[in-house]
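These are my notebook entries on a structure that I am reading for the first time. I take the topics one by one.

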Amino acid sequence: METDQAEKRTRREFLRRMGVFGALILAMGAFLRQLLVFFSPSMKKTPTHKFLVAKVDEVPLGQAKEITIQGKPVFVVHLESGFKVFSGVCTHLGCIVKWEPNNDRFYCPCHKGVFNREGDVMEGPPPRPLDEFVVELDENLVFIQVADKRKGPWS
Amino acid sequence: MVMSTQAESSKRFPVDGTAIGDVLFKEKIPVHMKHWLFAMGTTPFILFPIQIITGLMLAFYFIPSPELAYESVRHITQDVQLGFWIRGIHHWAANLMIISIFLHMMRVYFTQAYRKPRELNWIFGFILLGLTMTISFTGYSLTYNQLSYWAATVGSNMVGEVPLIGNLLLAWLRGGSDVGTNTLTRFYTLHVWVLPILITIMIALHIIVLRGHGISQPEGFPKESYNFFPGHMYKIVIVGLFLLSLLSLLAVILPPGIGDKADPVNTPLHIQPEWYFFAVFLFLKWVPLSVGLFIVGLVILVIVFWPFLEPLLSKKESQRALISYLLGSVAILTLIVFTLIETFTN
């Protein structure tokens, strides 16, 4: 026991000890960092972009205007209550709906889904109303907030 | 000056640090322990704290209710930052813990380290295996997907086959007639409180008994020893670092999925328990349930009391060793073959 303590600490022994315990401390630090990340709720808000979709006087009351954003059709509808903007992608299986001004409805040709001008399902198989964008009015201009698409190399 | 501060502070905190340090770090380790084969028992001892830490982290997000259990596991796996990683480590460490306990048991068996006076520690070790399998079973039942739900149903039904008190035990375990809300909270309480505490107590007993006897010395090694610190400590640290890297790797390349949400009115076509129950599961498909459970119970009793049964085999030491080698090999081969058959035929 005494000889152990008196044993001269060689450089090799010192380096070995530093190596093993240094690696342990590094690993524990990295692990702790991961635990902290896991514990912290994600505060990231989905980044959005403002798109100008119409001028107020361009869409008559009760009518819809079709435009394309990021390659997908979007309908700007002028209602008594203000403006609503719907995605033109049918909530059933993803076909593109058509605005039928004479019938005052959106119609999906694939499975005969019918939505009214508020976007609610009137007939057919769609499981939920048309997806709606957040609308911002700025004097004469109608804007919507669109979530930025983030594309990684694997998506 | 230094001495007096130490003396003063030990009056306030009357614990002798050097004595504890001596017990922890100056244990005499026989030289055969330098072989990695003998580091098997350290593995579950390192994995268990990892399970405690990752389990604690998962408990911050997991909700044990039939409505939200599956959804919260999905949330952890897909939404929470590094959730897939923490859950993956918890999943893989559980599997590695079972594997390492099996390997440790095999090492102890084939080096006959269970022999007098260490019979009790063999039994403690076997209880630890049982507790680990139980905590794994209650753990994967919590994810509440189709496989875990039906595994919980089938697994708890087996408890109902216990003679006389089976139905009472089944009702206690499930907290009702079917697997449901009460079952989930019971399994959760068992998984995060009761079983971890029992395992901690058993590990403590296992190590106290081990230290009391001193490590058993297999034949053919010089009777020399070295201090636990630093040589053996290095080994444990290296095993720990290796395990952390392996777990991280497994969590990333083979992350556990979330499966389909549990549907109590729809049993899927192929249900299977986790792989470490395959051998028993396969055997129970071949024989009537009560007969099967009786035989499995008998096998467990033989393993538990093996250190006391082995001396009865023969008076000659060489014959005893030969018979126990043969029996052990047959048992392990059977276990492996059964597990493989179940893996590839279902």
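**Entry 1, the sheet.** In this predicted model, I looked up an open sheet in chain A; it has four strands, in the order β5-β6-β7-β8, and their pairing is antiparallel. I then asked which strands lie at the edges. They are β5 (98-100) and β8 (121-123) of chain A, each of which pairs on one side only. I also noted the angle between neighbouring strands of this sheet: on average they are turned by 35° against each other, direction ignored.

**Entry 2, one strand pair.** I followed β6 (residues 105-108) and β7 (residues 113-116) of chain A, which run antiparallel and are joined by four bridges. Within β7(A), I found A:V114 opposite A:Y107.

**Entry 3, domains of chain A.** I consulted the domain assignment, which places domain 1 of chain A at 2-39 and domain 2 at 48-147. How far apart do the C-alpha centres of these two domains of chain A lie? I recorded a value of 62 Å.

**Entry 4, contact between the chains.** I turned to chains A and B and noted that 15 residues of chain A are in contact with 15 residues of chain B. On the side of chain B that touches chain A, α5 (83-110) and α10 (228-253) of chain B each supply at least two residues. The largest share of that side comes from α10(B), with six residues. I last sorted the residues of this side of chain B by character: twelve are nonpolar, three are polar and none is charged.

Conventions: Residues are numbered from 1 along each chain as its sequence is written. Chains are lettered from A and ligands numbered from 1 in the order in which they are written. This is a predicted model: local features need pLDDT of at least 70, side-chain atom pairs count only at pLDDT 80 or more; totals for chains, interfaces and linings use all residues. Two strands pair if DSSP finds at least two bridges between them. Axes are lines fitted to C-alpha atoms, for helices over the stretch in contact, and angles run from 0 to 180 degrees between N-to-C directions. Domain bounds come from an automatic or database domain assignment. Two residues are in contact if their C-beta atoms, placed from the backbone, lie within 7 Å. Ala, Val, Leu, Ile, Met, Phe, Trp, Tyr, Cys and Pro count as nonpolar, Asp, Glu, Lys and Arg as charged, and the others, Gly among them, as polar.
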